[in-house]
Structure formats: C-alpha cells, structure tokens
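Colleague: Could you take me through one part of this in close detail, starting with how a packing angle should be read? I'd like one connected account, and feel free to carry on into the rest afterwards.

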Amino acid sequence: MLARRYAFRIIAILVLLLFTVFFFGPVVWLLIAPTKTDSQIINKAPLAFGSFTTFGRTFRDVTSYEGNLVLTWLKNSAIYAFGGTALAVLAAIPSGYGLALTRFAGRRALLAITLVVMIVPGTALVLPLFLEANTVHLVGTVWSIILPFGFFPFGVYLAYIYFSTTIPKDLLGAARIDGAGEWGVFWRIALPLAVPVVGLVGFFSFVANWNNYYLPFVMTYDNSQYPLQVGLPILLGSSPSINPVAATGGQALIYRPELAMATLIAIAPVLLVFLFAQRTLVSGMLAGSTKE
Amino acid sequence: MNSFFNVRSWRGRSLRTRVALTAVVVAGVALAAPAASVATAAKSSKPLVVWIDTSRIPYENAYMKANPKANIKWVIYNGNENGTGVLQSKFALWNRIGWPSNAPDVMFDSQNYDAVQLGTAPYNDLLNLKNYLPKSVLKGYAGKSMSACTTPSGEVVCLRNDTAADVLWVNQGLYTSLFGTAPVPTTWGGIVADGQALQKNHPGAGYIVGDIGDEFDDDFLYWGNGCPLDDVVGPNTVEIDPTQPGCKGIDSLLDNSGLEGNAITDTYVFAAGGFPAAKVVMMVGPLWYGTAVFENGKAAPDGVPNGTMAAYAPPVSVRNAHITGALGGGLWLVSSHSTQPAAAAAFAEFMSTSPKIQKVGVDAGLPDYVADQAGYVSKFGSVFADPTGTGKAWETAAAEVWNGWGPTPWSTDAAWASTVVPAVTATPPSTLGKSINSFALALANDARLAGWTVKSSSRCINSNGSSGC
Amino acid sequence: MTDHLATVTPAEHASARRGRRTRGLRERPPAGTSRSAGYFFVAIYVVLLACLGIAPTIYAISLALQTPNGLGFANFVNSYDLPQFIPAFKHVLMFEAIWLVSQSVLVVLLALMVHNLARRVSSAFRFIFYLPGAMAGAASVVIWLFMFTPTTSPFSFLLHALHYTLLANTVTPNNLPVLFAIMAFWTGAGGWIVVMHGALNNVPTELIEAAEIDGSNVLQTALRIKLPLIRKWVVYMLVLSFAAGMQLFVEPQILGIATGGEVPPQWSPNQLAYYLAFQLDRFNEAAAISVDLLVLGVIVAVIIVWRGRLFEVQ
C-alpha cells in the first residue's frame, strides 16, 4: 500500500534523524564549547555559540599550558603514529606480497598465525609487551611504542588479499620470463599497482596508532613523552573543573573550554584524514568491498 | 674540607693530632651537614635530580634565587596526583630493571598516603631520613602530622611540605547578618543547630552549612570525628570499624538533623559558577578552600572580595576530642637509590623547612613545619576576614590532625566516591548511616587487595559483606 | 597495536573482503620463482611477529606461572581469589550483554534504513555515523563526560527526566555498563553500519524484486530476505565485539579519574591487572589476569578462523 510505504519512509527518516543527533550532536558540542568561557558553558544553552575571541583565548590557554605541553604531546602523537605507520607499511606490503604471490615453506602456517593474532585484541598484549620491553631496557624510548605499532597483522592480511586478487598473474609471469629477479618483479610491477592498499593500510594503521591509549600509557613515564591520548586524562586531572584539589597553587588554567579544545586538537588530525578518505573508504572501497 | 684529607699535610702530623683533627672534622661535618651537603651538591658534577609538580614552580624559583650556583636538574611531573600512581609504576619498573642515572633523588608527592607504601616492602625505595637529619628538625612539624611519614618500623621516609588541615570556614559578614553576635559554633552539633535555625527562619534561601555529596567528604566527616575506617594498627594491618562511636555519632547527627539538600549544587562545585561563596554561611573544609574554592580575594565575578571568609578552629569531634581531618598536603620524598643521599636529604630539608621556600608558598598550603607558619600567615592571611584569627585557626588545626587515618596504599576518597556519593546524591537520597557499611566494605576490599589484614568488630566487615550489613 | 573497542574494525574487515570469492590463486609457484625469495619479503614482518606477538605472550605465560615455589598455578588462583576479580568480570559481562544486544539490533536497523535511501543521502548518513570512529579512545570519554554532566550536556533534558542533577548521579555504579555501552556504540556502530551496507549491496536484486512482486512490503522484505543474508556479518560483529569488549580499559580508567573514583580503579579485569602491576608491584598476578584475557581472545579468534570460514587459507 502506498500509504504504508510512506509511513515506513517517514518513520525511517525520523529514526535516522534521531541517530544523527546522537552521533553528531556531541561533535557539534565539541566544536562550539571552546568558543565559550567556563561559566558560559554552564549557564548558556549547551549549543549556543560563544565568540571567536574566546575561541582564540581558549586555544592560547591550552597550548601555552606548562610550556606548550599540549604541542609537545601533539608532536609525540605524530612521531608515534607516523613512525608506527611507516614501519607497518614497510612490513605489511612486502609480506602481503610474499604471502600472496610467492611460495615458501611455512607460508600457510604464517597466514594462519597472522589471522589468529589479528583478532586477538591488542590490549591483551600490552602488559606482556611492557614486561618484555622492560627486559631489553626499551621502556621509555620511542621504540617501545613505534615497534609495537609497526606490528600490524591486519595490514598484512589486507595486503595479502589485495595482492592475491588484483595483480594479473600473467604480468608477473611475463616479467619473470624476461629475466627480472623476484625483487625486480615486486619493485617494478607489483608495487606501483599497490598504491591503493598502501593507502588503506596506512589509513587504518594511522587511525589505530593515533587513538591508542593503553600502550603509550604503559610505556612512557615522562610528561614530555606522552601522546595526546595519554595527555588528555592528565589535563582532566589537573583541571579544577574536575578535581578541586588541582585548584591549589596558581597554575590552574585548564577549565571546561580548555578541555574541549584539547580534545579537539587531539582528534583533529584523524578527523581530517577521515574527511579526505571518506570518499574512497565510506562510499567506495567499503561499500563495494563485498561485491563479487 | 678537601685539604683535611690532603695526604701530604696529613702525614706530617702526629697520631694525636690526627685523631683530634679527625674529631673536629667529624663534628664539623655532623653539625654542618645540611649546609655542607648543599654546598657539596652545588659543587659536585652530577646534578641533583628533583621532581616537582607545576604548583611548586615558585619553590624552584625561590631555591635558585637562594642558591644560584646549585646544580639541580628540575623535572616537572604530575605530582603523582589523583591516584595516577606515577611514582609507584616508576619505582616498580626501576626495581626490576635497575635505577637509571637520571632517576629522581628528591620528589614532591601530592598524595600524602604514598610515603609509607613506597618506603616499605615491596618497594623499599625511600631513604630513612632519621639517619641524615637531626631530631630537632624531624620534631618541628605540626602535631602528629609526621605519622604520615613514619613506617611501622619507625623509619622516617618523608618530610611534610604543607598541611591541609580542616578548619571551619565562615562567611563573616553573612554570619553576622544572620546570627548577630552569637559565637561561631565549636561543635558539629552547633553547626547542625545553626543549619536548622536557618532552614526554619529562611526557608528556600539556599544557605549552606556543610556538604556530604563530594568525593572526599569522608576526610572531613569521618577522619575529623575519629571514626576508624583507615586506622593503621600494625604492619600491614588496618582497623576498619564502622560500628565505633566516632562513626555512628556523626552519622546519626547528620541523618537526624532534618537538613535538606546536604548535597552540593554542581558536579565538582569548585569551578566558576559552581559553589556560591555568597550562599555558604559556614563549612568545614581544608584551609586551602579559602582561596581555591571560595575564591576569596579574587575579583568578582570570579570570587568574593577580600575580607569575606574567615577560618575558625575546627569543630570538636562528636567524641569531644580536639581532632580534625585533612585533605591534601604534599610530601618531600628522598630516594634510597640516590647517589648523593646526604645532599638529597639536605635539599628536602631545605625545601620543607626553610622560610625562604615556605614563605613563598603557594596560595593554598600552610607550611607543616611550625616555625614557618607565622611567616606564611602574614603573607597569605591578609585576604581573609580577621587575618590574625584565621592564621591562628590554621595553626591550631594543623596541630590537631588526627593520626588515626592512614597512611595506607589506597585512597579512602575513591571508596567513598563509589559507595556513599551515589547513595546520598540520589533521588530520593539515602543516609550516611545506611551507606557506611558499603563504604567500609569497599575499604576492606581495597585493604585485602593490597594484602593487608583487616581488624574489625563489625560483623558486616568480618563476614565480607554476607551478613550484618 | 590497536585498543579502541572494536579492535579490528568492521570497516577494515569489509575492505578485506574484497574479492574474497575470486578463484584464481594458484597452488604452485609460477615458473622461475625462487623459494627463498618469499622469506625475504616476509622477513621484517616475521621478526616483528616473533618479537612483538609471540615473545611477549610466552613471557607473560612464564611470569604467570612463576611462583615462590617454582612453576605452578598459584598466581591464577590468588588473582581469582581477590575480592575484585569476579566483580570485574561481572561488570564487563554486564556491559557486553547490554552493548552487544543493543548494537546488533540498532546496527541492523540503521543499515537497513540507510540502504533504502538514495545514494547520496545514504552516503551522507553513513559518513555521519562513521565519524565518531575517529574519536575513539580517551577523546571519546572526555566528550561523553560532558554529555553525562547535566549542567553541560545538550542531552540534559533526558538526564533531568531521570532526576540527575550531578555527574555523580549519572555515573552511579549501576549505570556504568549502560554508559560504557553508549560510548562503545557511539564509536563503533558506524563502521559496522558501513559493513552491513556493503553486505546488503550483495543481496541479489532479483530476490528483492521477486519478493516485491509477490506483495512483500519493505518490512517483510527486510526481515525475510535481507536479514538472513547478512546474518553471517551480524555474527562476526557479535563475536569480534565480544572479544574486544572484554579488554575494556580506557573508558573506566578515565571516567574514574574524572569522578574521583566513583568508577573504582579495578572495575574491569584489565584495570585490575594494571593496578596489580603498577600500583602494587605484583606483576605475576597481573600477568595471570592478562593471560586469562589473552586466552579468551585466542579462543574467539580460533573459533572464527577455523569454524567461521571467514578467511580462506590458500
């Protein structure tokens, strides 16, 4: 019945709008909060806009806190995330290629182990990793974070699937017959065709690395080594809005707008990456990924 | 000093002279230990590594001004605040892999229950200051406050920086306008009576005489009334007994008071726009509330003008004892792995006791070292009403802090926040009397997790919560 | 190494599904390929796997088995006996139950609805739902902290309706599983909606058309045709989310800091392990709990890989 169809449509739109509010509302709040002062956040309507000058002041308060600590954290996040991603891509792409297009003893076992390790959640391994890093005196160094970030079995799996399915075998065969060594085949044939999967592996690795909390939390022990994710709760604990004891001593600068601002800084890079990648990921690659 | 040990000049002297000289040297070293050590620190090539939190940065400036040639490496960390356990995790790590050369020699710790934990097994990482500092210094602190620094075996493993003893804060002008010349209450019963009068004579005005809904109110209510819920009675043994009169007394007093809205009006009310000092007639709270919470001396609209709040002696406990609780107060810790223990101990002593440091202060912490208190009061007390009286109240309170609460390696506030706060802030609110057993149980569980033994005469605690609760 | 709630996100899975069913992978190496070349390509990864996957697992197990009296299970027993152990697992299972049930229902519902819309509108909705995935971790907790505080939240009318006036009211112990489920859903649902959308794209249009010709309405088509065909993905979502959810750490840890301990520092098993290791210096018992969680994760992984036939090993 036509009326029934319209009724369903209207219900669907309403439900979708409801969930849009749920998913997007907090983001809107986050964007607006730094434009208000602390008392405005409490006294004005939650989504009421403040002023751009206040936004600037909030930004300054946050970034100048304790000697530009937040900017140091931003730098650390970038180092860990990019470093980890670089290593992950460096390891995953050739491995995926090797697993897909070469044959060697133990290949199937390696694949199976990769699949299992890929599903085991990372947090289960953080404490054991810490204990291990202890014994090789790596705790507190940049490597204690970049190396685990570089271990990205899901990236290997992605590359494996990609190389198995998109590289025409005849192309490789022809190149081999022409006398190109294995490395040559990889470097000159496979790799140029692998740009999309490099992008994919890089994206997923970067997002996971940037948002990782537990591993850097456990591995670092200095304020100056924290990435943003770990620094954010520190700011929370130093804020008189949250912890009144922090109000003692005249360094209190971090109130609610500053916390919102710090959160914004913490998510901005990934948000930007999401925005740029959305076309390929959300619409393209994923939506069509299960197509035959 | 080096010349005394110059071999050439040593050889030329007779044995008796050598012995005499040695005695003089030793005596001189012993008497001059702190100063000499600081001088040594300044000259030695290895810097003294000192960890402080951001609130102590003024101390750093004052120290470098007083000792310009000192060789100190200052590191800012979070002060181990709020249960983040930074020191615990570092020490645990270093105990495993070896202490690095840049490990701190001296640390400021904002958690006053840390010292005994870090100074006893399994850590054992703090220096016994009894071996480095004279008794006169160690006895110079307010009341029994150094119990937070004394291990069960009698070692002194920290020095107190400041005291955060609870006093009775009163909005002087408001109180006078409401109660005239009547004297400020000196007991909890008196506070409740005033509250009841306000509720009867000014209903709906929203006047505040106290609060029980914040995450650390146990430090005022139970600690301040001698209720043994965190009483260290032996090595790794704690008494947790909610059936004692100190506990029952304050519970029934408040629960039967008929006072409404004991809970506060905003989440963590100490933010701007939260706790209206203008509505607070009186409140028991630590002495740093004056500036940090009531914002006394800050320009409107962020605060209230100078001369608004005044501190009075904390109320006598429900068991008629002159004791009070505390919330905060930092410690100076010295690492037992320091390669310059004497210098480190001397440094800690200087920070904790020297007027040059303690008068700088921060605007919220009365020095715990008694000799420095007057100087601090004269500098920081002037924003309050009756600065002399306020200062005296602070000093009195500092000496009255009850030593039957901690130090234990868990936070009582966290247990309070997860049991009592949800109960008393709910709609409809529960009572303290009904919630204390769950609070005590949570504390008992924390104790057992830490491997401590729990002593109690409460059936609820002894049965692990299965009966009598 | 990821630790946001859905570890291997559905988006990642979906992109991995690309070309799953193409046949054409050979069994024999192409002519002229040397066998050892393969080792060279996987070398870096294998080293990382050995050092950062296998080695820490073995080390953790060995630590967990070390007792003062030689090797044994004392640490497992002692950690089990701690008063916080069983409550921690109960908390997390409660959270899982609420989260997984609501997530399956809502993700499927939203995916079906989104799938029926015009392409651009559908794409816009999917992007909005997927966006919070960028904020996983500490950032999402800080955001939701403000959402749960009645004085600052745009959802305050809901909180006031429940008589909540303080953050302390929202974060009461009984509410915690629901709060964490909300946060987990907020960051994770979008990715799974995208996956379901992709799976729905695979439903042959002839089937749908046939059903509509037979008089089936939108609801019936959804329930009888589409749903069974994406059932497999719902199961994957459940199992993967379950494994990840057991590891809950960031959310209760940060909410605990923000509420002064109203969320106890040992609320979840991972928190208990962390507390034992870093607050009490008892690494052996912490390792035992880590191994408990590891074993749980591996069991789930093995089930999927071997029984689920999700990934076909060539």
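Modeller: Sure. An axis here is a line fitted to C-alpha atoms, for helices over the stretch in contact, and the angle between two N-to-C directions runs from 0 to 180 degrees. Keep in mind that this is a predicted model.

With that in hand, take helix H12 (residues 228–237) of chain A against helix H6 (residues 138–148) of chain C: the axes are 8 Å apart and the packing angle is about 30 degrees. Angles under 35 degrees count as roughly parallel, so H12(A) is roughly parallel to H6(C). On the H12(A) side, the residues making the contact are A:Gln229, A:Leu232, A:Pro233 and A:Leu236. H6(C) answers with C:Ala138, C:Ala139 and C:Val142. Sort the residues of this contact by class and you get six nonpolar, one polar and no charged.

Now zoom out to the whole contact between these two chains. Chain C puts in 107 residues and chain A puts in 105 residues. On the chain C side, the largest share comes from helix H2 (residues 36–65), with 17 residues. By class, that side of chain C has 70 nonpolar, 30 polar and seven charged residues.

As for chain C itself, we're looking at 15 helices and two strands. Buried residues make up 55% of its 314 residues. If you take the contacts in chain C with a separation of 6 or more, 71% of them are between residues 24 or more positions apart.

Back in chain A, helix H10 (residues 195–211) is another one to click on. Its 17 residues reach 24 Å from first C-alpha to last, close to the 24 Å expected at 1.5 Å a residue. Of those 17 residues, 13 are buried, so H10(A) is largely enclosed by the rest of the structure.

Chain B gives you sheets to look at. One is an open sheet of five strands in the order S2-S1-S3-S11-S4, with mixed pairing. Strand S2 (72–76) and strand S4 (158–160) are its edges, each pairing on one side only. From one strand to the next, the twist averages 20 degrees. Inside this sheet, strand S1 (residues 48–52) and strand S3 (residues 106–109) of chain B pair in the parallel sense over two bridges, and B:Trp51 stands opposite B:Met107 in S3(B). Helix H13 (residues 341–353) of chain B lies across S1, S3, S4 and strand S11 (331–334), running at about 175 degrees to S11(B).

There's also an open sheet of three strands in chain B, ordered S7-S8-S13 and again with mixed pairing. Strand S7 (231–234) and strand S13 (453–455) each have a single partner strand, so one side of each is left without a neighbour in the sheet. Here the twist averages 40 degrees from one strand to the next. S7(B) and S8(B) run antiparallel, joined by three bridges, with B:Asp231 opposite B:Glu239 in S8(B). Those two strands form a hairpin with two residues between them, and B:Asn236 in the turn has a positive phi of about 55 degrees. Strand S8 (residues 237–239) is joined to S13(B) by three bridges too, but this pair runs parallel, and B:Thr237 stands opposite B:Thr453 in S13(B).

Technical notes. Residues numbered from 1 in each chain as written. Chains lettered and ligands numbered in written order. Predicted model: local features only at pLDDT ≥ 70, side-chain atom pairs only at ≥ 80, totals over all residues. Contact = placed C-beta atoms within 7 Å. Helix = DSSP H or I, 4+ residues; strand = E, 2+ residues; numbered from the N terminus. Nonpolar A, V, L, I, M, F, W, Y, C, P; charged D, E, K, R; others polar. Parallel < 35°, antiparallel > 145°, perpendicular 65-115°, else oblique. Expected span 1.5 Å × (residues − 1). Buried ≥ 20, exposed ≤ 12 C-beta atoms within 10 Å, placed from the backbone. Pairing = 2+ DSSP bridges.
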